[in-house]
Amino acid sequence: MNIIHISAECYPIAKVGGLADVVGALPKYQNNAETSSQVIMPFYDVKFTKENTFTPIFESELTLGEQTHKFNILKLEKDILDFDVFFVDVPDLVFKDYVYSFDDTDRFLAFQIAALDWMLTWEKYPDIIHCHDHHTGLVPFMLQESFKYEPFRKIPNILTIHNAQYQGWFSHDNVNLIPAFNFDNVGLLDWGGQINPLAAAIKCAWRVTTVSPSYMEELKTNANGLESLLSGESTKCIGILNGIDWKVWDPETDNYIVKNFNQKTIVSGKKANKKALCDAFNLDISKPLFAFIGRLVGEKGSDLFPEAFRIALQNPNISILLLGSGHTETEEQLEPLTEDFKGQYNAFIGYDEKLSHNIYAGADFLLMPSRVEPCGLNQMYALRYGTIPIVRSIGGLKDTVRDISEDDGFGICHEHANVNDITNAIARGAELYENQTKFKAIRKQIMKIDNSWGASAKQYINLYKSIN
Ligand code: ADP
Ligand code: GLC
């Protein structure tokens, strides 16, 4: 069975968040005797594309409304990934030094049209077309409705919703950008008076998955306006928990971290990584280190940090380290904390893949007080690196972390995304740290939890088979 993933992100090529990690890992686990998986993604002007060479394998022009744009399909010359990735290069639209910005409608439509135009020329079509998020949400609609894609009508296609907060809305004034279709069916594109690519994909895809069972349930009552649509389509929807790439996220072989370790060497390994981190950020290694890694946006609950951290840091025996960027207001409110709590709080405002690995390896606790968390990968990386997750019980966090008060519990869970719950959870963490025997036993226990893709990749294959 041949599967083609169409996605805006893929690690290590272009990454903004967890979507890249999933699309960079799942295909590896789908490449075996039975199935073969490939990725099509946009060709951006980013570090990876600058540092590698690519061969053009197809050249054509696409039509976007009244305009035509030249495009190439490129293939990576060296076989450095574990699966094939094809790049859609639309030089005047897609090749930018960012993944997402104000011009996403034109860019991602051009990407989707070019990908499908090229696939029309294939001798053998794929058995499954797997789309990810709203950036590829018009694919299921075009496969079903656009005249020129008639040959694809019988190919089963799947949409995975990684995050329903973002839907790719644009005005009906731009409907002519979409390749011609029977206008009687224009309603399939619409949700609430706008063209809504995510809604269109939910309506047209053969199956809709999301990245954890709990998030699937939550979407029926909290989906940024799509609740009734998702409830109505629930028979074709399923939640499949993400896994993590066991090879990339392995403290025993991770090249980014200061000292490699495994379950046996966890004590010395964590200590060496924590020391390096504390030295770099002027923190005290003897205090429990609470960390946050992520986008500073409302969904992650990060606007609560300035107040929550000020309260939590009144306890002189804890340290906090933050890595992330996002809302300017949150960044500005966090800034004075570095001065006010010198030696106890520090932050790196920005994106740094290497530092993220060092934090998973060196921190004692990882904070995730998300308001919305479809799956969340950070908590699973933390577990693998012996860092205890402190999470709000929602979405994928609820499905992957069990509170220490329960049998075999290994994390700290709280109910609400508010300042009080965050500070209480940090206090519980500090208390656990005091009990070094229990703390160390839990660290060892969590490193053993298997959150690799194995089981979930099988669930996807079963889903593909059920519609093939
Ligand atoms: P989301 O996709 O909603 O941002 P996930 O938990 O699924 O959340 O995945 C986030 C991914 O992005 C993880 O791999 C995490 O380590 C990484 N990440 C987030 N922010 C940063 C940052 N500032 N620097 C480095 N890595 C980051
Ligand atoms: C989204 C979600 C995150 C999830 C990731 C990968 O970015 O916000 O929770 O882990 O996609 O599926």
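**Two ligand sites, two cores and one helix**

A polar side-chain atom of Glu373 lies 2.5 Å from an oxygen atom of ligand 2, and that pair is where I should like to begin. The model is predicted: local features need pLDDT of at least 70, side-chain atom pairs count only at pLDDT 80 or more, and totals for chains, interfaces and linings use all residues. Residues are numbered from 1 along each chain as its sequence is written, chains are lettered from A and ligands numbered from 1 in the order of writing, and side-chain values use heavy atoms, with hydrogens and water left out.

Let me stay with ligand 2. The residues that surround this ligand, meaning those with a heavy atom within 4 Å of it, include Leu19, Val22, His162, Val211 and Asn242, together with the run from Glu373 through Pro374, Cys375 and Gly376 to Leu377. A polar side-chain atom of Asn163 is 3.3 Å from an oxygen atom of the ligand. Cys375 contributes a backbone N or O atom, 3.0 Å from a ligand oxygen.

Turning to ligand 1, we find 20 residues around it, the closest being Lys15, Gly18, Asp21, Lys300 and Tyr360. An N or O atom in the side chain of Lys15 is 2.7 Å from an oxygen atom of ligand 1. For Gly18 the partner is a backbone N or O atom, at 2.6 Å from an oxygen of this ligand. Gly18 also appears among the residues surrounding ligand 2. On the nitrogen side, a backbone N or O atom of Asp352 lies 3.0 Å from a nitrogen atom of ligand 1.

I now move to the interior. A nonpolar core is a set of buried Ala, Val, Leu, Ile, Met, Phe, Trp, Tyr and Cys residues joined through side-chain atoms within 4.5 Å; buried means under 20% relative accessible area, exposed over 50%, and partly exposed in between, with a 1.4 Å probe and protein chains only. The largest such core has 84 residues, and those with the most contacts inside it are Phe290, Phe309, Tyr345, Ile359 and Phe365. Helix H14, residues 419–434, gives the most to this core, with seven residues. Helices (H or I, at least four residues) and strands (E, at least two) are DSSP runs numbered from the N terminus. A second, separate core of 63 residues includes Leu76, Phe87, Ala110 and Cys204.

What does Phe365 touch, not counting residues up to four places away in sequence? With contact defined as heavy atoms within 4.5 Å, its partners include Pro288, Leu289, Phe290 and Ala291, as well as Gly429, Leu432 and Tyr433.

Helix H16, residues 454–467, deserves a closer look. At 1.5 Å a residue its 14 residues should span 20 Å, and the end C-alpha atoms are 21 Å apart, which agrees; the expected span is 1.5 Å times one less than the number of residues. Its buried residues are Ser456, Ala457, Tyr460, Ile461, Leu463, Tyr464 and Ile467. Seen down the axis, these fall within an arc of 160 degrees, so they line one face of the helix; the arc is that of the directions from the axis to the C-beta atoms. They pack against several elements, among them strand S1 (2–6), helix H1 (18–29) and strand S6 (128–132). The face turned away carries the exposed residues Ala455 and Lys458.

Ser452 sits in the loop between helix H15 (436–447) and H16, and is buried, with a relative accessible area of 16%. Its side chain makes a polar contact of 2.8 Å with that of Asp450. Such a contact is a pair of N or O atoms within 3.5 Å; within protein, one must be able to donate a hydrogen and the other to accept it, and residues adjacent in sequence count only if both atoms are side-chain atoms.

Finally, the backbone. Most residues other than glycine have a negative phi, and most peptide bonds are trans. The bond from Tyr11 to Pro12 is cis, with omega near 10 degrees, and Pro12 lies in the loop between S1 and H1. Asp133, in the loop between S6 and helix H4 (138–145), has a phi near 60 degrees. Asn282 likewise has a positive phi, of about 55 degrees. Are these two residues buried or partly exposed? Asp133 is buried at 7% relative accessible area, whereas Asn282 is partly exposed at 48%.
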